[in-house]
Amino acid sequence: QVQLVESGGGLVQAGGSLRLSCAASGRTLSTYVMGWFRQAPGKEREFVATINWSGDSAIYADSVKDRFTISRDNAKNLIFLQMNSLKPEDTAVYYCAADPEPRTFFISYYSADEYDYWGQGIQVTVSS
């Protein structure tokens, strides 16, 4: 069983930065596809970013491209989401997700249904 715990959220002004972390336990995730999703009030959970097992390839939603960076430290079982130039529309609960199937990164990385493990989520609020 895999447990994921997010940290680093909070309140920030528009234009500011935050770095989310996701700590994994229960299993080494060095071969897992990792992703970040978010869910704003009244909206469906949406894809933000994903990273392959080795950390050398990432895919981003258009809405966060060039502002957010996903990374991972397999030695420490950690995944990160660096968020810069934050906007009020980035306000949401952010979730870390993991999937053991490598093909997820190439085929269905954007679908929350494909990820087997989820963190509890962490609030990010961007004020205008």
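Glutamate 101 is partly exposed in this predicted model, with a relative accessible area of 31%. Its carboxylate takes part in a salt bridge with arginine 103, where the closest N and O atoms are 3.2 Å apart. Arginine 103 has a relative accessibility of 55% and counts as exposed, because that value is over 50%.

**Salt bridges**

Five salt bridges are present in the structure. Some of them share partners, and in this way Arg38, Glu46, Arg67 and Asp90 are joined into one network. Within this network, arginine 38 bonds to glutamate 46 through a salt bridge of 2.6 Å, N to O. Arginine 38 also forms a salt bridge with aspartate 90, at 2.9 Å, N to O. This second pair links distant parts of the chain: arginine 38 belongs to strand E4 (residues 33–39), and aspartate 90 sits in the loop between strand E8 (78–83) and strand E9 (92–99), 52 residues apart.

The three residues are not equally accessible. Arginine 38 has a relative accessible area of 5% and is buried. Aspartate 90 is buried as well. Glutamate 46, at 35% relative accessibility, is partly exposed.

The table lists three of the salt bridges with their N to O distances.

| Residue 1 | Residue 2 | Distance, N to O |
|---|---|---|
| Glutamate 46 | Arginine 38 | 2.6 Å |
| Arginine 38 | Aspartate 90 | 2.9 Å |
| Arginine 103 | Glutamate 101 | 3.2 Å |

**Nonpolar core**

In soluble globular proteins, nonpolar side chains tend to be buried together. Here the largest nonpolar core contains 38 residues. Leu4, Met34, Trp36, Leu81, Met83 and Tyr94 have the most contacts inside this core. Two or more core residues come from each of strand E3 (18–25), E4, strand E5 (46–51), strand E7 (68–73), E8, E9 and strand E11 (122–127). Strand E9 gives the largest share, five residues.

**An open sheet of four strands**

Strands of a sheet pair through backbone hydrogen bonds, either parallel or antiparallel. One open sheet in this model is made of four strands in the order E1-E3-E8-E7, and their pairing is antiparallel. At the edges stand strand E1 (3–7) and E7; each has a single partner strand, so one side of each is left without a neighbour in the sheet. On average, neighbouring strands of this sheet are turned by 15° against each other, direction ignored.

Strands E3 and E8 run antiparallel and are joined by six bridges. One pairing can be followed by residue: leucine 20 has leucine 81, in E8, as its bridge partner. Leu81 is also among the residues with the most contacts inside the largest nonpolar core.

**Aromatic rings**

A pair of aromatic rings is described by the distance of the centres and the angle of the planes. The structure holds nine aromatic pairs. In one of them, phenylalanine 105 and phenylalanine 106 have ring centres 5.3 Å apart and planes at 90°, so the pair is edge-to-face. Phenylalanine 105 is buried, at 5% relative accessible area, whereas phenylalanine 106 is exposed, at 64% relative accessibility.

Tyrosine 115 and tryptophan 118 form another edge-to-face pair, with ring centres 6.2 Å apart and planes at 65°. Tyrosine 115 is buried at 4% relative accessibility, and tryptophan 118 is partly exposed, with a relative accessible area of 25%. Both residues belong to one aromatic cluster that also includes Phe37, Phe47, Tyr95, Tyr109 and Tyr110.

Arginine 45 lies over the faces of two rings in this cluster. Its distance from the ring centre is 3.7 Å for tyrosine 95 and 4.8 Å for tryptophan 118.

**Positive phi angles in loops**

Two residues that are not glycines have a positive phi. Aspartate 66 has a value of about 75° and is found in the loop between strand E6 (58–60) and E7. Aspartate 66 counts as exposed, at 79% relative accessibility. Serine 85 has a phi of about 50° and is found in the loop between E8 and E9. Serine 85 is partly exposed, with a relative accessible area of 40%.

Key:
Residues are numbered from 1 along each chain as its sequence is written. This is a predicted model: local features need pLDDT of at least 70, side-chain atom pairs count only at pLDDT 80 or more; totals for chains, interfaces and linings use all residues. Side-chain values use heavy atoms; hydrogens and water are left out. A salt bridge is a side-chain nitrogen of Lys or Arg within 4 Å of a carboxyl oxygen of Asp or Glu. Buried means under 20% relative accessible area, exposed over 50%, partly exposed in between (1.4 Å probe, protein chains only). A nonpolar core is a set of buried Ala, Val, Leu, Ile, Met, Phe, Trp, Tyr and Cys residues joined through side-chain atoms within 4.5 Å. Two strands pair if DSSP finds at least two bridges between them. Axes are lines fitted to C-alpha atoms, for helices over the stretch in contact, and angles run from 0 to 180 degrees between N-to-C directions. Rings of Phe, Tyr and Trp (its six-membered ring) pair if their centres lie within 6.5 Å; planes under 30 degrees apart count as stacked, over 60 as edge-to-face and the rest as tilted. A charge sits over a ring if NZ of Lys or CZ of Arg is within 6 Å of the ring centre and within 35 degrees of the ring normal.
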